[in-house]
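This report describes a structural model, beginning with its ligand site and then turning to selected elements of the protein chains.

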Amino acid sequence: MIGAWRGGIVDSKDRGVTLLSEGTRADATSFDEAALGRILARHPARQAALLPILHDVVATFRYVPAEAVPLIATHINCTRAEVHGVVTFYEDFRERPPGRHVLRLCRAEACQAMGGDALALQAERLAGCPLGETRADGKLSLEAVFCLGLCAVAPSAMLDGKLYGRLDPATLKLMIGEVLT
Amino acid sequence: MSDFAASLLADLRRKARSAEADVARVFVPCDAAAVAVGADEVAEAIATEAMTRGIALDIIRTGSRGALFLEPMVEVETARGRVAYGPVGVADVAGLFDAGFLTGGDDPLRLGPPEKIPFIARQKRITFARCGIVDPRSSTDYTLTGGWQGFDRALAMGPAETIETITRSGLRGRGGAGFPAGIKWKTVADTAAPQKYIVCNADEGDSGTFADRMLMEGDPFALIEGMLIAGYAVGATRGYLYIRSEYPHAIATMTAALQSARNVGRLGRSVGGAGFSFDIELRVGAGAYVCGEETALLESIEGRRGQVRAKPPLPAHKGLFGAPTVINNVLTLAAVPWILKNGDGPYAALGTSRSRGTMPVQLGGNINRGGVFEAPFGMTLGELVLEIGGGTASGRRIRAVQVGGPLGAYFPPALFDTPFDYEAFAARDGLIGHGGIVVFDDTVDMAHQARFAFAFCAHESCGKCTPCRIGSVRGVETIDRLLAGDRPADRLALIQDLCETMKFGSLCALGGFTPYPVLSAIKHFPEDFLAETQKVRMR
Ligand SMILES: Cc1cc2nc3c(=O)[nH]c(=O)nc-3n(C[C@H](O)[C@H](O)[C@H](O)COP(=O)(O)O)c2cc1C
Ligand code: SF4
Ligand code: FES
């Protein structure tokens, strides 16, 4: 994939927020070779197992630690470059830990039609960081997602795995307020 | 069939429980869209309220009936059939008990028998016959409502006749391209190989579509049976089900159903006592739209970047791990058991010209009554959006509808007489794709929508072809310049040129079809493709 995604059709000049630099991540699970070993032991030693392995790695560490890449490559008998290429291709395989909470806002068409653009701007303002970024204090990441399959109850969002439909500004404010306290 | 299924189930359950004390039965959807608007909290509130009042009741989590505008929709089983209430909020629960909803009591939220709700009554539910009625995780429910009979019929008629039946039914791929399923199956069946695969495409990346998700969450065994029949027909012993990671509920339901199917001997060795073995592995996508393209999906299962493969070879000849592979959409495969059970004739009797059977149309966006509406092909776009969907949710005028996902064209109300079928949409420079219809009111700016189409393509491009990878980025920049007032007429011509290049120079439909939303927006809404300053003056 090319180009950094910055919150869909919202132009950066409209955001009214400044980029916050990446700070420390309070809840980032640091790399643990033994834990990775346990993951690898569960999967066959072939390349076809790569996506399931990476999903398990993200479920355990919340991201794909750079240290894990060579060990995964050895396990499935392919090059580090190949594993790295896969990690960078897929959105889910983050290379840096996300914030303690992750708010994913749907930025696709059905949600755009129901005021999704305004909600995205509001979320950025309340969170103090643009879509695609994490707050400096590591409390919250904002992510754009393209359709959660909730298009008939748009606009929609997912906060730490919980789904929200018919999202309105008041609820969004509550959601963000709660995770920031 | 839906009514029949429901009454059959109720009957059998009553018999099974005749010895027990009468326990009220309440149905609350566990469909992700219902959950997103509070169905879990409502189920919990009902359980708590019942406990407080000392009432014994069973809460059964079902899929959704598809009338998502009524969710959370709660149903109760009464002596005269089910009665629905909705949309129910947590605050309504105590009132419902006061109104005696467990026996169908009157209440402002009472909708009556669910099958009489106009949005549901007007449908012809084949693929979604069980959805919202049965407990999706219960293989018993599936069996009691006619499940596995399609597979039994297939076994009885043999692989060749099974494929013939699918071909005669006229079933076409529901993933977007509309390729005849029977012909695809026959190609794989006729290709000799020691190993073949069935791959189910449940990536459902198209915005505005959610029928795959609802089917998997509401009737997962139908999909399993469809894959099983496909495997038997072409001689494949392994299946892969590739679900996008944005669908955690569907993943959970399918995981449970696959295990349950193994437990009851419907997957695994010697399925159903026949000498045929078949099992399915569930794979989870990782947030790449292009992995819905069939060859990119195969790459992804094989553990690589989701890059599109050049064709030939076709996946039917050399697909997953180089073996002959059937790859079909969820809705294609889920229609198969019904066709086998009821025969190709009744299926082919529905629909228009070359679009046979039913299509689960998905109504979303700025719409009054959104949800899944399954009907034979041929209803007009206007009937679907206005009569069924009830116009916009905002109450404003409809300005545009996008049909067929992010690569589909924008249609103005002037084209509302277009019948919903593959060829009719193609004839008007559009596509039905996976059947999603997204409604926009008159606040939409179509130049922004065209810009989004390019931006989405740029974001999701697999990077293999230059027109798609670079052209989409140029497209975004060019629209920005146009809107900034930098020689708008020249820019517009440039965008149209760019679209021609993308159409003919792209390997797959991501680059090749992005021109659909862009060009349709320009064609039908030229007044939006002016400098922002000029637009302000016009308004
Ligand atoms: C960019 C792109 C994305 C696609 N996404 C999906 C998808 O999410 N689901 C799907 O079933 N087909 C998708 N398709 C179509 C598949 O390539 C393929 O035609 C389909 O899975 C075949 O199944 P069917 O014949 O049952 O429709 C996509 C195609 C392209 C070019
Ligand atoms: S059109 Fe785009 S997504 Fe499709 S193969 Fe080419 S670069 Fe990849
Ligand atoms: S477009 Fe937002 S949920 Fe589908």
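## Ligand site

The shell around ligand 1 consists of 19 residues, of which G175(B), N201(B), N328(B), N329(B) and T332(B) are the closest; a residue is counted as near when one of its heavy atoms lies within 4 Å of the molecule. The model is predicted: local features require pLDDT of at least 70 and side-chain atom pairs pLDDT 80 or more, whereas totals for chains, interfaces and linings use all residues. Residues are numbered from 1 along each chain as its sequence is written, chains are lettered from A and ligands numbered from 1 in the order in which they are written, and side-chain values use heavy atoms, with hydrogens and water left out.

Oxygen atoms of ligand 1 take part in polar contacts, defined as pairs of N or O atoms within 3.5 Å (within protein, one atom must be able to donate a hydrogen and the other to accept it, and residues adjacent in sequence count only if both atoms are side-chain atoms). One such oxygen lies 3.1 Å from a polar side-chain atom of K184(B). Backbone polar atoms also contribute, with E204(B) at 3.0 Å from a ligand oxygen and G205(B) at 3.2 Å from a ligand oxygen. On its own, ligand 1 has 610 Å² of accessible area, and the protein covers 92% of this; areas come from the Shrake-Rupley method with a 1.4 Å probe, and for residues only the protein chains shown count as cover.

## Composition of the shell

In chain B, β9 (325–329) and α22 (509–513) each provide at least two residues of the shell around ligand 1. The largest share, 3 residues, is that of β9(B). Helices (H or I, at least four residues) and strands (E, at least two) are DSSP runs numbered from the N terminus.

Sorted by class, the shell holds 4 nonpolar, 9 polar and 6 charged residues. Here Ala, Val, Leu, Ile, Met, Phe, Trp, Tyr, Cys and Pro are nonpolar, Asp, Glu, Lys and Arg are charged, and the others, Gly among them, are polar.

## Chain A

Chain A contains 7 helices and 4 strands, arranged along the sequence as α-α-α-α-β-α-α-β-β-β-α. Of its 181 residues, 55% are buried, where buried means under 20% relative accessible area, exposed over 50%, and partly exposed in between (1.4 Å probe, protein chains only).

The loop between β2 (140–145) and β3 (157–159) of chain A includes F146(A). F146(A) has a relative accessible area of 10% and is therefore buried. Its C-alpha lies 9.9 Å from that of A110(A), although 36 residues separate F146(A) and A110(A) in sequence.

## Helix α11 and a loop of chain B

Helix α11 (residues 220–234) of chain B has 15 residues and an expected span of 21 Å, which agrees with the 22 Å between its end C-alpha atoms; the expected span is 1.5 Å times one less than the number of residues. In α11(B), 15 of 15 residues are buried. G235(B), just after this helix, adopts a positive phi of about 85°.

V290(B) occupies the loop between β8 (279–284) and α13 (294–301) of chain B. With a relative accessible area of 3%, V290(B) is buried. V290(B) and V308(B) are 18 residues apart along the chain, and their C-alpha atoms are separated by 7.9 Å.

## Cysteines

Over all chains there are 0 disulfides, a disulfide being a pair of cysteine sulfur atoms within 2.5 Å. The sulfur of C30(B) has its closest cysteine sulfur in C131(B), at 9.2 Å, which is too far for a bond. For C499(B), the closest cysteine sulfur is that of C457(B), at 9.9 Å and likewise too far for a bond. C30(B) is buried at 19% relative accessible area, and C499(B) is buried at 0%.
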